[in-house]
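User: Hi! Could you walk me through this model, a few questions at a time?

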Amino acid sequence: MPEPLDVVDVLLVEDDDGDVLMTQEAFEHHKIRNKLHVVKDGEQALQFLRREGEHADAPRPGLILLDLNLPRRDGREVLAELKDDPELRVIPVVVLTTSEAEEDIVRSYSLHANAYVSKPVDFERFIEVIRQIDDFFVTVVKLPQ
């Protein structure tokens, strides 16, 4: 389990600039020390995780925040590939999306997402949700090294 002073790399896979900005502001607002890395589509996410191309020096994230509706490769495909890879499947994945469709929730959990969170539209609530995700997955639970 990371010590409270350890910094955890968090990968945000999100194509909406507004949601990226709100997530960055949530990290700043709550003085979250963890390092946020952002990629804009599913293809970039897999390259980051596999340390390919421009992401050859990318750190292995301790947590992934994954949107479902992404260009190039959607979040469901990313989740399926990630959980099929023996090295990557241990990384916790929180699906963070606007979709509240039951089929998306069921499919995400079927693909072994660790949590499914619908993005709040209210800015203050969004910031609080990001803080709670960070508190739970980085402070409360034990993550693999």
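User: Great, let's begin with Asp-67: where is it found?

Analyst: Happy to help! First, this is a predicted model, in which local features need pLDDT of at least 70, side-chain atom pairs count only at pLDDT 80 or more, and totals for chains, interfaces and linings use all residues. Residues are numbered from 1 along each chain as its sequence is written, and side-chain values use heavy atoms, with hydrogens and water left out. Helices (H or I, at least four residues) and strands (E, at least two) are DSSP runs, numbered from the N terminus. Asp-67 sits in the loop between strand 3 and helix 3.

User: What does UniProt list for Asp-67, and is the residue buried or exposed?

Analyst: The unreviewed UniProt entry lists Asp-67 as "modified residue: 4-aspartylphosphate"; such annotations may be inferred rather than shown by experiment, feature names are shortened, and positions are given in the numbering used here. Contact means heavy atoms within 4.5 Å, and leaving aside neighbours within four places in sequence, Asp-67 contacts residues including Asp-15, Thr-97 and Lys-119. Buried means under 20% relative accessible area, exposed over 50%, partly exposed in between (1.4 Å probe, protein chains only). With a relative accessible area of 5%, Asp-67 is buried.

User: Why is strand 4 described as largely enclosed?

Analyst: Look at its two faces: Val-93, Val-95 and Thr-97 are buried on one side, and Val-94 and Leu-96 are buried on the other. Strand 4 (residues 93-97) is largely enclosed by the rest of the structure because five of its five residues are buried.

User: Which strand does strand 4 join over four bridges?

Analyst: Two strands pair if DSSP finds at least two bridges between them. Strand 3 (residues 63-66) pairs with strand 4 in the parallel sense over three bridges, with Leu-66 partnered by Val-95. Over four bridges, strand 4 also runs parallel to strand 5 (residues 115-118).

User: And which helix makes a right-handed β-α-β unit with strand 4 and strand 5?

Analyst: A crossover is right-handed if, with the strands pointing away from the viewer, the path from the first strand over the helix to the second runs clockwise. Strand 3 and strand 4 make such a unit with helix 3 (residues 75-84). For strand 4 and strand 5, the helix is helix 4 (residues 102-110).

User: Lastly, which element gives the most to the largest nonpolar core?

Analyst: A nonpolar core is a set of buried Ala, Val, Leu, Ile, Met, Phe, Trp, Tyr and Cys residues joined through side-chain atoms within 4.5 Å. The largest has 22 residues, and Ile-64 and Leu-66 are among those touching the most other members. With four residues, the element giving the most to this core is helix 2.
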